[in-house]
Each structure stands twice: as C-alpha cells, then as structure tokens.
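Here are a few exercises to work through with a viewer open. Have a go at each task before you read its solution.

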Amino acid sequence: MKKSVMTGADVLCDDISPLDGYRHIGLVTNQTGVASNLECLPRVLQSVLGNRLTSLLGPEHGIYGHIQDRERFGDQRDGQTGLPVYSLY
C-alpha cells in the first residue's frame, strides 16, 4: 500500500472549519511553505480562504528566501498574491 504525505496545508485545505469565524488571517511563512504538490503556501491558502487571508509575515530571509543573510527588509507587497508582506526581522 502506497501512502501519500500530506502537509499541514493539505490538511487545512481539506477542512478549513478550524478557521471559521476568523475574518482576518495572517500567514507566517518562508520558502519552505509549500503544499504537497510544491505550490507555494500563500497562493494555496489564498485560493481556499479568499479575502480572509489578509497578510503575509516574512522572517529573516523573506517569504521566498531571496533576502540575503542579515539584510534588513521593509514591509512590501507580494507580487504573486497582492497581499502585504510584513517583515518580522
């Protein structure tokens, strides 16, 4: 029997009821945030949550890992989702 691996994002997309009642949802993510099909997490969750996903929060290297080590970055807008990205660094 072949078992497939489900990420936390896959589980959440199958049943988003734990987020019922929340109108504004922010996502802390980085370049490792992907679904099992390797699609980036912000786009996956935006397709499921719609406009309830209101912001992205990026750690030290940004949400796509493109920021150099120890380089500070300010708040910006994500080109793929159009959501604001807030720096946690």
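The exercises below deal with a predicted model.

**Exercise 1: the overall layout**

Work out how many helices and strands the protein chain has, and in which order its elements run.

Solution. Start with the tally: the secondary structure of the protein chain comes to two helices and four strands. Next, walk along from the N terminus, and the pattern reads α-β-α-β-β-β. Then check burial: 33% of the 89 residues count as buried. Finally, look at contacts with a separation of 6 or more; residues 24 or more positions apart account for 59% of them.

**Exercise 2: putting the sheet together**

Find the order of the strands in the sheet, and say which of them are the edge strands.

Solution. Go pair by pair.

- Step 1: β1 pairs with β2 (residues 53–58) in the parallel sense, over four bridges. As a landmark, take Gly26, whose bridge partner in β2 is Ser55.
- Step 2: β2 also runs parallel to β4 (residues 84–87), and three bridges join them. Here Leu56 stands opposite Val85 in β4.
- Step 3: β3 and β4 run antiparallel, joined by two bridges. Arg77 has Pro84 as its bridge partner in β4.
- Step 4: chain these pairs up and you get an open sheet in the order β1-β2-β4-β3, with mixed pairing. The edge strands are β1 (25–28) and β3 (76–77), each pairing on one side only.

**Exercise 3: a turn and a helix**

Locate the residue with a positive phi in the hairpin of β3 and β4, then describe how helix α2 runs relative to β2.

Solution. For the hairpin, there are six residues between the strands, and Gly82 is the one to pick out, with a positive phi near 80°. For the helix, α2 (residues 41–49) lies across β1 and β2, and the angle it makes with β2 is about 165°.

**Exercise 4: the salt bridge**

Search the whole structure for salt bridges, and decide whether the side chains involved are buried or exposed, or somewhere in between.

Solution. The search turns up one salt bridge. Its partners are the side chains of Arg43 and Glu39, at 4.0 Å from N to O. Now for the exposure: buried means under 20% relative accessible area and exposed means over 50%. Arg43 has 35%, so Arg43 is partly exposed. Glu39 has 31%, so Glu39 is partly exposed too.

Conventions:
Residues numbered from 1 in each chain as written. Predicted model: local features only at pLDDT ≥ 70, side-chain atom pairs only at ≥ 80, totals over all residues. Heavy atoms only, no water. Buried < 20%, exposed > 50% of the residue type's maximum accessible area, 1.4 Å probe, protein only. Pairing = 2+ DSSP bridges. Contact = heavy atoms within 4.5 Å. Axes fitted to C-alpha atoms, helices over the stretch in contact; angles between N-to-C directions.
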